[in-house]
Amino acid sequence: MRDIETMRLDVERRMRRGERFSDVEDVLNASDLCDDEKAALWLLAWSFLHPRAQRREAIAHLERLSAATPPPAVDRRRHLRAIG
């Protein structure tokens, strides 16, 4: 059996048992699979989460990214011309 098929079965087993998504994610990250294979297995694990949990995680991740990235600087002269 190919490595990705073995990992697919492992991901499905772990998610059905109710393991935390982040723990399954750690297993995937530690594997020797290529990035495309890891991404496909990550999506498989993600598909086991309830849609509300998926949305909550996505929003939290976006908020962390927004907090880490300062808003772009505003050219005050252009802004004043646009509103004036």
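This note covers the helix packing in a predicted model of a single chain.

1. Overall make-up. The chain has five helices and zero strands. Read along the sequence, the pattern is α-α-α-α-α. The points below deal with H1, H2 and H3, and then with one residue of H2, Val27.

2. Burial and surface. The chain has 84 residues, and 23% of them count as buried. The accessible surface comes to about 6900 Å². Carbon and sulfur atoms account for 55% of that surface.

3. Contact range. Take the contacts between residues at least 6 apart in sequence. Of these, 49% join residues at least 24 apart.

4. H1 against H2, geometry. How do these two helices pack? The angle between H1 and H2 is about 165°, and their axes are 10 Å apart. An angle over 145 degrees counts as roughly antiparallel, so H1 and H2 are roughly antiparallel to each other. Their crossing is right-handed.

5. H1 against H2, residues. H1 brings Met7, Asp10, Val11, Arg14 and Met15 to this contact. H2 meets them with Phe21, Val24, Val27 and Leu28. By class, the contact of H1 with H2 has seven nonpolar residues, two charged residues and no polar ones. The charged residues are Asp10 and Arg14, both in H1.

6. H1 against H3, geometry. H1 spans residues 3-16 and H3 spans residues 35-47. Their axes come within 10 Å and cross at roughly 25°. Angles under 35 degrees count as roughly parallel, and H1 and H3 are therefore roughly parallel to each other. H1 passes H3 in a right-handed crossing.

7. H1 against H3, residues. On the H1 side, the contact is made by Ile4, Met7, Arg8, Val11, Glu12 and Met15. On the H3 side, Glu37, Leu41, Leu44 and Ala45 take part. The contact of H1 with H3 has seven nonpolar, no polar and three charged residues. Met7, Val11 and Met15 of H1 also appear in the contact with H2.

8. H2 against H3, geometry. The axes of H2 and H3 come within 10 Å. They cross at roughly 165°. That makes H2 roughly antiparallel to H3. The crossing of H2 and H3 is right-handed.

9. H2 against H3, residues. H2 makes this contact through Phe21, Val24, Glu25, Leu28 and Asn29. H3 makes it through Lys38, Leu41, Trp42, Ala45 and Trp46. The residues divide into seven nonpolar, one polar and two charged. Phe21, Val24 and Leu28 of H2 also meet H1. Leu41 and Ala45 of H3 also contact H1.

10. Val27. Is this residue buried, partly exposed or exposed? Val27 lies in helix H2, residues 21-30. Its relative accessibility is 26%. Buried means under 20% and exposed means over 50%, so Val27 counts as partly exposed.

11. Neighbours of Val27. Which residues does Val27 contact, leaving aside its neighbours within four places in sequence? They are Met7, Asp10 and Arg14. These three residues belong to the H1 side of the contact between H1 and H2. Val27 and Lys38 are 11 residues apart along the chain. Their C-alpha atoms are separated by 9.8 Å. Lys38 is one of the H3 residues that contact H2.

Terms used
Residues numbered from 1 in each chain as written. Predicted model: local features only at pLDDT ≥ 70, side-chain atom pairs only at ≥ 80, totals over all residues. Heavy atoms only, no water. Axes fitted to C-alpha atoms, helices over the stretch in contact; angles between N-to-C directions. Helix = DSSP H or I, 4+ residues; strand = E, 2+ residues; numbered from the N terminus. Parallel < 35°, antiparallel > 145°, perpendicular 65-115°, else oblique. Left-handed = near helix turned anticlockwise from the far one by under 90°. Contact = heavy atoms within 4.5 Å. Buried < 20%, exposed > 50% of the residue type's maximum accessible area, 1.4 Å probe, protein only. Areas by Shrake-Rupley, 256 points an atom, 1.4 Å probe, with all protein chains shown as cover.
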